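I opened a fresh notebook page for this one and went through it entry by entry. Come along and look over my shoulder.

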Amino acid sequence: MKTETDVRWLTDQEQRAWRTHLDVNKLLMHQLEKDLQPFGLTNNDYEILVNLSESEEQRMRMSDLAAATLQSKSRLSHQITRMENAGLVRREHCESDRRGLYAVLTDLGSETMRKVAPHHVESVRRHFIDLLPAEELEALRESLTPVAHHLRSQRSRS
């Protein structure tokens with residue numbers, strides 16, 4: 001166990017960068033969620049709809065969808081139940097694995113994506129993309145890519 005003297009405390013510059021990242025992440029996710037509310041969707045709903053709409057045959061195995069959205073299978077199951085009740089998705093049994101289930105985008109789910117996606121993209125532009133010059137967006141992507149790779153590798157180990 002590390003003692004207090006073994007800890008590599010953050011420098012002032014590191015602390016400011018970390019806190020700014022936390023603030024931006026929380027504030028941006030809150031704003032994007034607020035902008036989805038008029039459509040009756042949450043960020044989680046939208047993320048699921050995007051994953052399904054971009055998948056082959058607009059369906060994904062529940063386990064793959066849980067991994068893609070970083071949700072536990074239990075939490076995803078509750079989320080899908082709510083979305084089924086709204087008519088956005090349905091579950092189908094997997095023919096090759098009787099225990100497996102697919103989440104499938106319904107016609108209403110597809111229609112909802114067509115209606116909501118332009119508003120969501122505009123929200124992302126207004127609150128993030130258009131606030132940074134192109135070269136800073138590229139620098140941000142480049143600087144965060146190693147963090148994303150590291151965190152994905154950590155997730156796959158657990």
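**Entry 1: a loop residue to begin with**

Does L70 count as buried or exposed? I looked it up, and L70 counts as exposed, at 59% relative accessibility. My cut-offs are under 20% relative accessible area for buried, over 50% for exposed and partly exposed in between, with a 1.4 Å probe and protein chains only. L70 sits in the loop between α3 (62–68) and α4 (73–85). Its phi is near 55°, a positive value in a residue other than glycine. That caught my eye because most residues other than glycine have a negative phi.

**Entry 2: ground rules**

I am working with a predicted model, where local features need pLDDT of at least 70 and side-chain atom pairs count only at pLDDT 80 or more, while totals for chains, interfaces and linings use all residues. Residues are numbered from 1 along each chain as its sequence is written, and side-chain values use heavy atoms, with hydrogens and water left out.

**Entry 3: the overall layout**

I found six helices and three strands in the protein. Along the sequence they follow the pattern α-α-β-α-α-β-β-α-α. For the record, these are DSSP runs numbered from the N terminus: helices are H or I with at least four residues, strands are E with at least two.

Next I checked the dimensions. The radius of gyration of the protein is 19 Å, whereas a compact globule of 158 residues would have one near 15 Å. That radius is taken over C-alpha atoms, and the globule rule is 2.2 Å times the number of residues to the power 0.38. The C-alpha atoms fill a box of roughly 55 × 40 × 25 Å along the principal axes.

Of the 158 residues, 24% count as buried. The accessible surface comes to about 11,600 Å², and 53% of it belongs to carbon and sulfur atoms; I noted that the areas come from the Shrake-Rupley method with a 1.4 Å probe. I also looked at contacts (heavy atoms within 4.5 Å). Among those between residues at least 6 apart in sequence, 48% join residues at least 24 apart.

**Entry 4: back to L70, from the other side**

What does R155 touch, leaving aside its neighbours within four places in sequence? R155 is in contact with A66, A67, L70 and Q71. R155 lies in helix α6 (residues 134–157) and is partly exposed, with a relative accessible area of 41%. R155 and L70 are 85 residues apart in sequence, but 9.2 Å apart in space, C-alpha to C-alpha.

**Entry 5: charges and pairs**

I counted 23 positive and 25 negative side chains, the centres of the two sets lying 5 Å apart. Lys and Arg count as positive and Asp and Glu as negative, with His and the chain ends not counted; the place of a charge is NZ of Lys, CZ of Arg, CG of Asp or CD of Glu.

A salt bridge here is a side-chain nitrogen of Lys or Arg within 4 Å of a carboxyl oxygen of Asp or Glu. By this rule the count comes to eight.

One of them joins R126 and D35, with the closest N and O atoms 3.3 Å apart. R126 is in helix α5 (residues 107–127) and D35 in helix α1 (residues 12–36), so the pair ties together parts that are 91 residues apart in sequence. Both ends are partly exposed: R126 has a relative accessible area of 41%, and D35 is at 22%.

Another links R59 and E92 (2.8 Å, N to O). R59 belongs to strand β1 (residues 59–61) and E92 to strand β2 (residues 89–93), so this pair ties together parts 33 residues apart in sequence. E92 also meets R90 in a salt bridge (2.9 Å, N to O). I then followed the connections: E57, R59, R90 and E92 are linked in a network of salt bridges. Three of its members I checked for exposure, and R59 at 22%, E92 at 21% and R90 at 36% are partly exposed.

**Entry 6: a charge without a partner**

Which side chain of opposite charge is nearest to D45? It is R82, 5.7 Å away; D45 is buried yet has no salt bridge. D45 is found in helix α2 (residues 43–53). Not counting residues up to four places away in sequence, D45 touches G40, Q79 and M83.

**Entry 7: another positive phi**

Q58 has phi near 50°, again a positive value in a residue other than glycine. I located Q58 in the loop between α2 and β1, and at 29% relative accessibility Q58 counts as partly exposed.
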